Amino acid sequence: MTLPRASLATAAVLVAALLATGCGRAGHDGRDDGRGTGAGAGVPSPLDPSPAPSVDEGAAPAQPTRDCAGRSGPLLEAGPVESAMGLRAMTVWLTHCGAGGYLLDGYPVLQVLGEDGTAYDVHSLKGTQAVTSGVEDPGPHPVALRTGDSATVSVVWRNTYTDTTKEPVQGERLQVLPRPGGPSGSIAPEGGIDLGSTGRIGVTAWKKAPPAPTGAAPTAPGPSTPAS
């Protein structure tokens, strides 16, 4: 679901309703209902028996590996970051590498982390309309994964910097809580997460990815772009 460059360029020129908010560092106890009323949460539950998501620690590849070799539980991978006119977009992949089924339903919660692991005071938004109208959100719906299946979300943000009284947000990692009550994992997008002073990051609901072609690198489904 990596954004095509042509679609991204179209999306970037659409007028989005942006709301500047504070971008200082915040503790991990901040919470958000997904509509921008508080800092992002993304705190894993210590009671969840599922293994924590494993993470590809290397640089973001052109396409995710979706490789479950030697792994158990969910595998989180970041696709390349596409950019145009201040708009940033990338696909986050989750591949179920454990036994049995893995159910997703709705939006992950995101948290932007600094180099030292401290969380920024950034709103994790359910949906992308407040950032751009050029990315289609399938909306919350059950996504059942079997071993080896993958799901994706599109993550979007802008690097607009208008509040010079605060330092711009330049995150190093993105913490992802795939589903409520479960463990979270973090990924390192190529180039980091440059939010400027916008203070928020939007994400679509989970969507099941098509199976990877045998012997070929998987291709992300491209989001549709509205006509206006």
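This passage describes strands, buried residues and side-chain contacts in a predicted model.

The strand β9, which spans residues 150–158, is mostly covered, since nine of its nine residues are buried. The covering extends to both faces of β9: on one side Ser150, Thr152, Ser154, Val156 and Arg158 are buried, and on the other side Ala151, Val153, Val155 and Trp157 are buried as well. Several strands pair with β9. Strand β4, made up of residues 87–96, runs antiparallel to β9 and is joined to it over nine bridges, and within this pairing Ala89 stands opposite Val156 of β9. Strand β15, residues 207–208, likewise pairs with β9 in the antiparallel sense, here over two bridges, and Ala151 is found opposite Lys208 of β15. A further antiparallel pairing, again with two bridges, links β9 to β14, where Val155 has Val203 of β14 standing opposite.

Attention now turns to Asp194, a residue of strand β13. Asp194 has a relative accessible area of 16%, and because buried means a value under 20%, this residue is counted as buried. When neighbours within four places in sequence are left aside, the residues in contact with Asp194 are Arg88, Trp157, Arg158, Asn159, Val169 and Gln170. With two of these residues, polar contacts between side chains can be described: the side chain of Asp194 makes one with the side chain of Arg88 at 2.9 Å, and another with the side chain of Trp157 at 3.0 Å. Trp157 is itself one of the buried residues of β9, as is Arg158, whereas Arg88 falls within the residue range of β4. A separate comparison of sequence and space concerns Pro168, which is 26 residues away from Asp194 along the chain, while the C-alpha atoms of the two residues are 7.6 Å apart.

The loop that follows β13 contains a second buried residue. Ser197 is located between β13, residues 193–196, and β14, residues 200–203. With a relative accessibility of 4%, Ser197 lies under the 20% limit and is therefore classed as buried. A polar atom of the Ser197 side chain is placed 2.9 Å from the backbone nitrogen of Thr162.

Elsewhere in the model, three strands form an open sheet in the order β6-β11-β12, and their pairing is antiparallel. The edges of this sheet are β6, residues 109–113, and β12, residues 185–187, each of which pairs on one side only. On average, and with direction ignored, neighbouring strands of the sheet are turned by 30 degrees against each other. Strand β11, which covers residues 173–177, is connected to β12 over three bridges in the antiparallel sense, and one bridge partner can be named here, with Leu174 matched to Ile187 in β12.

Aromatic rings were examined last. A pair of aromatic rings is described by the distance of the centres and the angle of the planes. A search of the whole structure finds zero aromatic pairs. An aromatic ring does, however, take part in an arrangement with a charged residue, as Arg179 lies over the face of Tyr102 at 4.0 Å from the ring centre.

Notes: Residues are numbered from 1 along each chain as its sequence is written. This is a predicted model: local features need pLDDT of at least 70, side-chain atom pairs count only at pLDDT 80 or more; totals for chains, interfaces and linings use all residues. Side-chain values use heavy atoms; hydrogens and water are left out. Helices (H or I, at least four residues) and strands (E, at least two) are DSSP runs, numbered from the N terminus. Buried means under 20% relative accessible area, exposed over 50%, partly exposed in between (1.4 Å probe, protein chains only). A polar contact is a pair of N or O atoms within 3.5 Å; within protein, one must be able to donate a hydrogen and the other to accept it, and residues adjacent in sequence count only if both atoms are side-chain atoms. Two strands pair if DSSP finds at least two bridges between them. Axes are lines fitted to C-alpha atoms, for helices over the stretch in contact, and angles run from 0 to 180 degrees between N-to-C directions. Contact means heavy atoms within 4.5 Å. Rings of Phe, Tyr and Trp (its six-membered ring) pair if their centres lie within 6.5 Å; planes under 30 degrees apart count as stacked, over 60 as edge-to-face and the rest as tilted. A charge sits over a ring if NZ of Lys or CZ of Arg is within 6 Å of the ring centre and within 35 degrees of the ring normal.
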